[in-house]
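Please look over the chain shown below before reading on. The report then takes up its parts in turn.

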Amino acid sequence: MSHGPRSGLTAVSSALLAMSRHLEVRDVLKTIVASARELLDAQYAALGVPDDHGGFAQFVVDGVSDEQWKAIGPLPRQHGILAAMLHEATPERLGDVRKDPRFGGWPAAHPDLVDFLGLPIRDGDEVLGALFLANKNCPKPEGTCGFTQDDEELLGILAQHAAIALTNARLYERSRELTIAEERSRLAHELHDAVSQKLFSLRLTAQAATALVDRDPARAKGELHQVATLAAEAADELRAAVVELRPAALEEDGLVATLRTQIQVLDRAHAARVTFTGQGVKALPAAQEEAMLRVAQEALHNALRHSGAERVAVTLHRRGTATVLRITDDGGGFDPRTVRRAGRHLGLVSMRDRANGTGGRLTVRSAPGEGTTIEMEVPGG
């Protein structure tokens, strides 16, 4: 059985191993489509996961450029050949899909599909998706299908393993969602306890200051200073918990896209101009990406809330074998010699801990009236 440049048991094994390495549904879908197109030497491949409303919850393609995909427009509906594969759960092998009576046309920007091989991905009686290939790279008389019975059997084997990989990925994502929900519940309880204790102490201290204000103003002043300290600590507890609860979308979108989205929101929400530039950065381990996101969030909070900056610039770039995150503002700055006191106020201690915890380092450069630059460097990327 020959299937283009990659053929035989080794190619099949490589495809199945690639599918088993991924736990995210989107990554599994992309791997299935790319593996199918390469194994059967087709120009195009696609996989659609149906929703419950006649459309597709996800639709992944391979062999189509990003520009073409954007020009094609909305995702297809469940009709024609796609509907047959989903609802009848039977394979489809056609010499020219355009001549099939079920063919309903496609958008002007859509590539021209001719010979066609498609089949459902099933888990028992449930149809998880529709996988199809088009335009096999081989000589063939016009109107005949380049895809053979052997191709159909090979794609069937791939589809069986794809069903297992998809089911496992769905179970993993559901498990992760439960874990996130449990963690948020735990954080909510911790937040309630921590802030309640701080507010209780604050109330008692304020009452003591009220009682002392007439007979011992000096002691009352001290108690009021303590009120201010407790209020600041309560605010810090609240802000820290909110940062931890904030969804990062890292696993789906990656660090660059997540930073860009969050910074666009901040730019619209604040008077200061907030910009982001990300160049040549590859995916990092999850722990490093999360640490970088949290450091960026903390540094942006400081710049926008405390520094009085008019411009804040965030960059993410390669430096040799490392990845560097830099947040620079033109705000009031501070004296690094007072870093111990400023560090607590500005969250520098937690930022350093995050950097050190992922094998990186944090550098802070600032001076009164000269703004602040916070730089986090981690290996890789």
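What follows describes the overall make-up, two sheets with their helices, a pocket and two loop residues.

**Basis and overall make-up**

The model is a predicted one, in which local features need pLDDT of at least 70 and side-chain atom pairs count only at pLDDT 80 or more, while totals for chains, interfaces and linings use all residues. Residues are numbered from 1 along each chain as its sequence is written, and side-chain values use heavy atoms, with hydrogens and water left out.

The secondary structure of the chain comes to 10 helices and 10 strands, where helices (H or I, at least four residues) and strands (E, at least two) are DSSP runs numbered from the N terminus. Of the 381 residues, 42% count as buried; buried means under 20% relative accessible area, exposed means over 50%, and partly exposed lies in between, with a 1.4 Å probe and protein chains only. Among the contacts with a separation of 6 or more, 61% are made by residues 24 or more positions apart, a contact being heavy atoms within 4.5 Å.

**The antiparallel sheet**

One open sheet has 5 strands in the order β2-β1-β5-β4-β3, with antiparallel pairing; two strands pair if DSSP finds at least two bridges between them. The edge strands, β2 and β3, each pair on one side only. On average, neighbouring strands of this sheet are turned by 15° against each other, direction ignored; axes are lines fitted to C-alpha atoms, for helices over the stretch in contact, and angles run from 0 to 180 degrees between N-to-C directions.

Within this sheet, strand β4 (residues 116–123) is mostly covered, since 6 of its 8 residues are buried. It is joined to strand β5 (residues 126–136) by 8 bridges, and to strand β3 (residues 92–94) by 3 bridges. In the hairpin of β4 and β5, which has 2 residues between the strands, Gly 124 takes a positive phi near 65°.

The table lists residues that stand opposite each other in paired strands.

| Residue | Opposite residue | Strand of the opposite residue |
|---|---|---|
| Arg 93 | Leu 117 | β4 |
| Phe 116 | Ala 134 | β5 |
| Ile 121 | Gly 129 | β5 |
| Ala 313 | Thr 328 | β8 |

Helix α4 lies across β1, β2, β3, β4 and β5, running at about 140° to β5. Helix α2 (residues 25–39) has 15 residues that should span 21 Å at 1.5 Å a residue, and its end C-alpha atoms are 21 Å apart, which agrees; the expected span is 1.5 Å times one less than the number of residues. The buried residues of α2 include Val 25, Val 28, Leu 29, Ile 32 and Leu 39. After α2 comes Asp 41, whose phi is positive, near 55°.

**The mixed sheet**

A further open sheet of 5 strands has the order β6-β7-β8-β10-β9, and its pairing is mixed. Strands β6 (273–279) and β9 (361–366) stand at the edges with a single partner strand each, so one side of each is left without a neighbour in the sheet. The twist averages 10° from one strand to the next. Strands β7 (residues 311–319) and β8 (residues 322–329) run antiparallel and are joined by 8 bridges.

Helix α8 lies across β6, β7, β8, β9 and β10, at about 10° to β8. It is mostly covered, with 15 of its 20 residues buried. Helix α10 (residues 348–357) lies across β9 and β10, running at about 145° to β9.

**A pocket**

The second largest pocket holds about 550 Å³ of space. Of the 29 residues that line it, the closest to its centre are Pro 76, Leu 82, Trp 106, His 110 and Phe 132. A pocket here is an open set of points on a 1 Å grid over the protein atoms alone, where a 1.4 Å probe fits, with protein on both sides within 12 Å along at least five of seven lines, and lining residues have an atom within 4 Å of a point. Grid points are joined across faces, edges and corners, and the volume is the space filled by probe spheres set on the points.

**Two loop residues**

Phe 103 is found in the loop between β3 and β4, and is partly exposed, with a relative accessible area of 27%. Gly 320 lies in the loop between β7 and β8 and, at 61% relative accessibility, counts as exposed. The C-alpha atoms of Gly 320 and Pro 379 are separated by 9.3 Å, although these residues are 59 apart along the chain.
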